Amino acid sequence: MTTTAPPTAPPTTSVRSFLLGPGEGLDGPLRAHGTTGPLLAPVRGRTTPAADRAVEHELATVVDDFLGLDVLDLAAGGWRGHSALRAAARRTRDLPGSEEVVALARHRITSTHRPTVDLYVDGAKLGTLAVELNLVLWVSGLVCVVRDACLTGVRSGDCAVDASLAVQGATLAERKGGRLDLPGTFASRGPVPLLRDEPRARETPTVPGVGTR
């Protein structure tokens, strides 16, 4: 009897996987830092402790949703602005079917996000929860493959990930030195367009027998 091994799941590259450990949530950190206390102060006495915990849980769930950002997508966003990759993208765009291998020096990609969450109770706004998510990607030894103006592969490269999450100015989670396997992770992705913000210039049509002076 022949058995087939189950397909290997693609690597998890969400910010959550780098910032929080398995099974970790944000309910505890939010409560430990008293993050929602000042927001709920105006309705103290009109709500029960169970209701307060339910609000804390909902806020934790909303903040946790922000951690679904994909680290590889953030890295690709940084590479779209790299001059060497954009130059290779233009050359391969102008010569369809061509391919270039581009080696990049050690570089850093930073990504900062500051979403907000408004808190309402009985239709009245009590305040706004300020969230700040910071990521720093340290990339070295990166060798990219560019084809038809797209990043189509990563042959080598090492990426360290530093991440931190703060709510109302209090740091709830922080991790440094997470590792992202760039070649292995990129193998499960499709091509990344490098010139999305730069439409191809239209060629000026020529009419036989008509010239310019």
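A residue is called buried here when its relative accessible area is under 20%, and Ser 14 is therefore buried, because its relative accessible area is 14%. The legends that follow describe close-up views of a predicted model.

**View 1. Ser 14 in the segment that precedes helix H1.**
Ser 14 belongs to the segment before helix H1, which spans residues 15-19. Its value of 14% places Ser 14 among the buried residues, and, once the neighbours within four places in sequence are set aside, Ser 14 is in contact with Leu 67, Gly 68, Leu 69, Asp 70 and Val 71. Two of these partners reappear in the next view, where Asp 70 caps the N-terminal end of helix H5 and Val 71 is listed with the buried residues of that helix.

**View 2. Helix H5 and the cap at its N-terminal end.**
Helix H5 covers residues 71-79, and its buried residues are Val 71, Leu 72, Leu 74, Ala 75, Ala 76 and Trp 79. As general background to the spacing of such positions, an α-helix has 3.6 residues a turn, so residues three or four places apart point the same way. At the N-terminal end of H5, Asp 70 acts as a cap, with a side-chain oxygen 2.8 Å from the backbone nitrogen of Leu 72.

**View 3. Trp 79 and the largest nonpolar core.**
The largest nonpolar core comprises 53 residues, and those with the most contacts inside it are Trp 79 and Leu 182. Strand S4 supplies the largest share of this core, namely 9 residues. Apart from neighbours within four places in sequence, Trp 79 is in contact with Leu 85, Leu 104, His 107, Ile 109, Val 139, Leu 142, Leu 151, Leu 182 and Leu 194; Leu 182 is thus a contact partner of Trp 79 as well as one of the two residues with the most contacts inside the core. In soluble globular proteins, nonpolar side chains tend to be buried together.

**View 4. Strand S4 and its pairing with strands S1, S2 and S3.**
Strand S4, residues 124-147, runs antiparallel to strand S1 (residues 99-104), to which it is joined by 6 bridges, and within this pairing Val 101 has Val 145 of S4 as its bridge partner. Strand S2 (residues 107-113) is also antiparallel to S4, with 7 bridges between them, and here His 113 stands opposite Leu 133. Strand S3 (residues 116-121) is joined to S4 by 6 bridges, again in the antiparallel sense, with Val 117 opposite Leu 129. The hairpin of S3 and S4 has 2 residues between the strands, and Asp 122 in this hairpin takes a positive phi near 55 degrees.

**View 5. The hairpin of strands S4 and S5, with Asp 148 in its loop.**
S4 and S5 pair in the antiparallel sense over 15 bridges, and Arg 147 stands opposite Cys 150 in S5. The hairpin has 2 residues between its strands, and Asp 148 is found in this loop, between S4 (124-147) and S5 (150-167). Although Asp 148 is not a glycine, it has a positive phi of about 50 degrees. Most residues other than glycine have a negative phi. Asp 148 counts as partly exposed because its relative accessibility is 38%.

**View 6. Gln 168 in the loop that follows strand S5.**
Gln 168 lies in the loop between S5 and strand S6, the latter made up of residues 170-180. Like Asp 148 in the preceding view, with its positive phi of about 50 degrees, Gln 168 is a residue other than glycine that has a positive phi, here of about 55 degrees. With a relative accessible area of 36%, Gln 168 is partly exposed.

**View 7. Two buried cysteines, Cys 144 and Cys 159.**
Cys 144 is buried, with a relative accessible area of 0%, and Cys 159 is likewise buried, with a value of 1%. The count of disulfides in the model comes to 0.

**View 8. The protein chain as the setting for the close-ups.**
The protein chain has 7 helices and 7 strands, which follow one another along the sequence in the pattern α-α-α-α-α-α-β-β-β-β-β-β-α-β. Of its 213 residues, 38% are buried. Among contacts with a separation of 6 or more, 71% are between residues 24 or more positions apart. The accessible surface comes to about 12,300 Å², and carbon and sulfur atoms account for 53% of this area.

Key. Residues numbered from 1 in each chain as written. Predicted model: local features only at pLDDT ≥ 70, side-chain atom pairs only at ≥ 80, totals over all residues. Heavy atoms only, no water. Helix = DSSP H or I, 4+ residues; strand = E, 2+ residues; numbered from the N terminus. Buried < 20%, exposed > 50% of the residue type's maximum accessible area, 1.4 Å probe, protein only. Contact = heavy atoms within 4.5 Å. Areas by Shrake-Rupley, 256 points an atom, 1.4 Å probe, with all protein chains shown as cover. Disulfide = S-S within 2.5 Å. Core = buried A, V, L, I, M, F, W, Y, C linked by side-chain atoms within 4.5 Å. Pairing = 2+ DSSP bridges. Polar contact = N/O pair within 3.5 Å; in protein donor to acceptor, adjacent residues only side chain to side chain.
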